[in-house]
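Please look over the structure below before reading on. The report then takes up a pocket and a pair of packed helices.

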Amino acid sequence: MSKYKDIEELFKIEAVKDEYILTRINKNIERVYLYRIEPVLFLDLSESIQYNIIEVYTQLLRECNFKIQIVISNERLDIDNYIERYYSYKEIIPLDIYIKYIEDIKQKLEIEDVYETKILIVISENSKEKINVDEYDRVVYKLEEIGCKVIRVHGRYEFEKILYKHLNKL
């Protein structure tokens, strides 16, 4: 017998639709929407820009007239994925120099033991209520004003990947 529960049983999932998960929360059926947030780097921004970011975030929280949960996790940087996403070979430099450069970056990243922050915004609503996804989008996409990338999660595969990655209940 497996010591791990089935993902549907663990999260009390009734159904997975393309745009949301239908789950049982405290005896109510809820629609759960997930947004993946890629944060802005906060380290070398001027003080006025940092205050602007805080102000936009404060506005976001004030405008939330719905149930929201923010899930933050740190994961060890997948160096190969990072290189694939942010670096590509251009013919203007010799291939052997590019290869040495990439090897140097990989080596330095392994030594530094870098972690990256993953942020999810989870919104749930009673399934008997009117769907408010346009309002959720309007509020959550405010984060793009400060440089974050906001992606609403769609599809069973993406939902399952996120649920399996997070052991705590959403």
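## Terms and model

Helices and strands here are DSSP runs, of at least four residues for a helix and at least two for a strand, and they are numbered from the N terminus. The model is a predicted one, and the descriptions that follow should be read with that in mind.

## The second largest pocket

The second largest pocket has a volume of about 320 Å³. Its lining consists of 15 residues, and those that lie nearest its centre are Y57, I119, L143, I146 and C148.

At least two residues of this lining come from each of α2 (47-63), β4 (67-76) and β5 (115-126), and α2 gives the most, with 4 residues. Sorted by class, the lining of the second largest pocket has 15 nonpolar residues, with no polar and no charged ones.

## Helices α3 and α4

Two packed helices are described by the angle between their axes and the distance between the axes. Helix α3 (residues 79-86) packs against helix α4 (residues 95-112) at an angle of about 135°, and their axes are 10 Å apart. Because of that angle, α3 counts as oblique to α4, and the crossing of the two helices is right-handed.

On the α3 side, the contact is made by I79, D80, Y82 and I83, while α4 contributes I102, I105, K106, L109 and E110. Divided by class, the residues of this contact are 6 nonpolar and 3 charged, with no polar ones.

Key: Residues numbered from 1 in each chain as written. Predicted model: local features only at pLDDT ≥ 70, side-chain atom pairs only at ≥ 80, totals over all residues. Heavy atoms only, no water. Axes fitted to C-alpha atoms, helices over the stretch in contact; angles between N-to-C directions. Parallel < 35°, antiparallel > 145°, perpendicular 65-115°, else oblique. Left-handed = near helix turned anticlockwise from the far one by under 90°. Contact = heavy atoms within 4.5 Å. Nonpolar A, V, L, I, M, F, W, Y, C, P; charged D, E, K, R; others polar. 1 Å grid on protein atoms, 1.4 Å probe; cavity = no way out; pocket = protein on both sides within 12 Å on 5 of 7 lines; lining within 4 Å. Points joined across faces, edges and corners; volume = space filled by probe spheres on them.
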